[in-house]
Amino acid sequence: MIEIDGLTKRYGDKTAVDGLSFVVEPGVVTGFLGPNGAGKSTTMRMIAGLDRPDSGTVRVNGKHYPKAPAPMAELGILLDARSVHPGLSARSNLLALARTAGISRRRVDEVIELAGLAEVAGTRAGGFSLGMGQRLGVAAALLGQPQTVVLDEPVNGLDPDGVRWIRELLKSLAAEGRTVLVSSHLMSEMAQTATQLVVLGRGKLITEASVEDFVDHATGTGVLVRTPEPVRLGQLLAAPGITVINDGTDLLRVSGTTAEQIGAAAWRAHLPVYELTPTHASLEEAFMQVTQDSIEYHAGATR
Amino acid sequence: MSAMTRPGLTPAQGAPAPAPMTPAPIAPVTVAGPVTQARVVRAEWTKLRALRSTRWCTLITVALIVGVGALVAGSGTVYRVSAGNSAAAGISGALLGVLIAQLVLGVVAVLAFSGEYGTGMIRATLAVVPARLPVLWAKLIVLAGLVLPVTMLCAFVDFFAATAIESARGGSAITLTDPGVLRTVVGSSLYLTVVVIIGLALGALLRKTAAGLSAFAAVFFVIPIVVGTLPHNITGFAPYLPSNAGGDLWGLSMTSAHALSPWTGFAVLCGYAVVLTAAAAWRLRRRDA
């Protein structure tokens, strides 16, 4: 479990993370989304204790991570930027980390195997491709079988096989009861892997929701209704929690209710309906809308 | 969870997250034990030993100390102990290679930290040892643990080789029991060990390899030479420069006036190491990685 409360980090004049609070629960994969510069990587660095927050707290599995007696049992992290020594082999890189927690050579070989690095384990990491480097970074994060796993852009540079490996890996880690926080630019990938979402914009929390709720409440998820009586039907459907948008044609975009309920309501009111189509926004569309909202929100527009 | 802003999302306010599809989480297993200083030392030894630069620099150091010593003993005028030429000074001359070896070892020492900052490995290192200071102590122990025995061995090999060559050429037979000789031989190794600690601290403080190496070369090579060329009335501080103060212990100080006794000079050198290491520790703990 990761608990973040009132986290703020400034670099000079720039506020990278601004009063951020959210909780990442164990047992599910939580996606960490936000446009570039939203503060995802900074937040992850603060989770690992690499950057000190200006204010606020981070707790990993209920503890202040830098004071944890067995850090590798608590947290495994893959950072966005490379963090391996190019002059050392993959095995030496992992072994050096493993030694700090008394982790055996056998476990090192195990994660090398798991990450598909067995053939290159003895070669210097400096010659690795981006994908190989990512596999090595993920192997390092898994070394201690940590209770919480934080991965920044793990599928970056991976081939389709590697992408599928990460997807299965994240799900199995969550199924074991571990806490999994993962960021990605690939929304389609996130939609397949994550069940919970934390979305940042400009260092602030935009939303914290399940993927299902997040997509359901995006414009574009709802029902498309074609009727010769758009105004009357619109008035009929209007209720708290239901949004009706009419662009002046015979089309209504209704969200917050179902096609069945709209059809029944129209029938009761004797209003003709020519078309009734449920529509779904993709995670990407939902993300674009929500991050756009945050920018308007910061500009002072009321919504 | 209740005080969060969720513009664009109305429902589920304050409600718990939907139940995961997986069975109730059980406590996950782990293979990681607690971080101890001894374990961090092993980790740092793993890195140092596996790096090619360590092996090369160690070999070069051995070649420099022993090779230059044999060269000095085997060429030029034969050394004879007299009132003006002490036995210890003769051995200091045979240890001339130490002056160059200190630069080679300085590179290893500076790189111990700056190399990790340069490659990004420091993030992985500090993420698994978030208390941070054990990493500094471990690097210090590992480097000193490598440099002290290696250079000590080199210094003794150099002593025996140089004295054998000298006496074969008809020079004075200098022994370890002659005044100041043992101190000179042991002192050259102690000097190099403390110099390496200073290099390590400079690497941790400055973080950039270029900056660390420049600072190291300036302190142990450039400044003492420049100060040596200045008029004596403005260089009263010269004996207190790290290289000169440390040089007093093993007899090669670049000041004409030996203001400090051997062990006082060494204490001054150690003082620099302590202050720089403390500054490095402070910076490591306080600053973002």
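Two residues are in contact if their C-beta atoms, placed from the backbone, lie within 7 Å. The exercises below apply this to a predicted model.

**Exercise 1. Determine what share of the contacts in each chain joins residues at least 24 apart in sequence.**

Solution. Begin with chain B. Among its contacts between residues at least 6 apart in sequence, 78% join residues at least 24 apart. Turn then to chain A, where residues 24 or more positions apart account for 69% of the contacts with a separation of 6 or more.

**Exercise 2. Describe the secondary structure, burial and confidence of the chains.**

Solution. Step one concerns secondary structure. Chain A comes to eleven helices and 13 strands, while chain B has ten helices and zero strands. Read along the sequence, chain B therefore gives the pattern α-α-α-α-α-α-α-α-α-α, helices and strands being DSSP runs.

Step two concerns burial. In chain A, 48% of the 303 residues count as buried; in chain B, buried residues make up 45% of 289. The C-alpha atoms of chain A fill a box of roughly 75 × 40 × 30 Å along the principal axes.

Step three concerns confidence. Chain A has a mean pLDDT of 90, with 96% of its residues at 70 or more. Over residues 296-303 of chain A, however, the pLDDT is below 50, and this stretch has six contacts in the model beyond near neighbours in sequence.

**Exercise 3. Characterise the side of chain A that touches chain B.**

Solution. First, establish the extent: 62 residues of chain A are in contact with 47 residues of chain B. Next, identify the elements of chain A that give two or more residues to this side. They are strand 2 (14-24), helix 2 (71-74), helix 3, helix 6 (160-175), strand 9 (204-210) and helix 11 (283-298). Finally, sort the residues by class: the side of chain A that touches chain B has 31 nonpolar, 19 polar and twelve charged residues.

**Exercise 4. Locate Gly102(A) and decide whether it is buried, exposed or partly exposed.**

Solution. Gly102(A) lies in the loop between helix 3 (90-99) and helix 4 (105-114) of chain A. A residue is buried at 20 or more other C-beta atoms within 10 Å and exposed at 12 or fewer. Gly102(A) has 18 such atoms within 10 Å and is therefore partly exposed. Setting aside residues up to four places away in sequence, Gly102(A) touches Gly33(B) and Arg39(B). In space, Gly102(A) is 9.5 Å from Gly144(A), C-alpha to C-alpha, although the two are 42 residues apart in sequence.

**Exercise 5. Identify the residues with the most contacts inside the largest nonpolar core, and examine Leu200(B).**

Solution. The largest nonpolar core has 163 residues, and those with the most contacts inside it are Leu94(A), Ala139(A), Leu143(A), Leu200(B) and Ala201(B). Helix 7 (residues 181-206) of chain B gives the most to this core, with 16 residues. Beyond its neighbours within four places in sequence, Leu200(B) is in contact with Ala109(B), Ala112(B), Phe113(B), Lys139(B), Leu140(B) and Leu143(B). A second, separate core has nine residues, among them Val223(A), Leu233(A), Leu252(A) and Val254(A).

**Exercise 6. Reconstruct the four-stranded sheet of chain A and place helix 10 against it.**

Solution. Start with the strand order: the open sheet runs 11-12-10-13, with antiparallel pairing. Strand 11 (243-246) and strand 13 (275-279) are the edge strands, each pairing on one side only. Neighbouring strands are turned by 20 degrees against each other on average, direction ignored.

Consider next one pair within the sheet. Strand 10 (residues 222-226) and strand 12 (residues 251-255) of chain A pair in the antiparallel sense over four bridges; the bridge partner of Arg226(A) in strand 12 is Leu251(A).

Lastly, add the helix. Helix 10 (residues 259-268) of chain A packs on the sheet and touches strand 10, strand 12 and strand 13; its direction makes about 160 degrees with that of strand 13.

**Exercise 7. Compare the settings of Asn61(A) and Arg132(B), which have positive phi values.**

Solution. Phi is near 55 degrees for Asn61(A) and near 70 degrees for Arg132(B). Asn61(A) is found in the loop between strand 4 (55-60) and helix 2 of chain A. Arg132(B) is in the loop between helix 5 (121-128) and helix 6 (133-168) of chain B. Asn61(A) is partly exposed, because 18 other C-beta atoms lie within 10 Å. Arg132(B) is partly exposed with 19.

Terms used
Residues numbered from 1 in each chain as written. Chains lettered and ligands numbered in written order. Predicted model: local features only at pLDDT ≥ 70, side-chain atom pairs only at ≥ 80, totals over all residues. pLDDT = per-residue confidence, 0-100. Nonpolar A, V, L, I, M, F, W, Y, C, P; charged D, E, K, R; others polar. Core = buried A, V, L, I, M, F, W, Y, C linked by C-beta atoms within 7 Å. Pairing = 2+ DSSP bridges. Axes fitted to C-alpha atoms, helices over the stretch in contact; angles between N-to-C directions.
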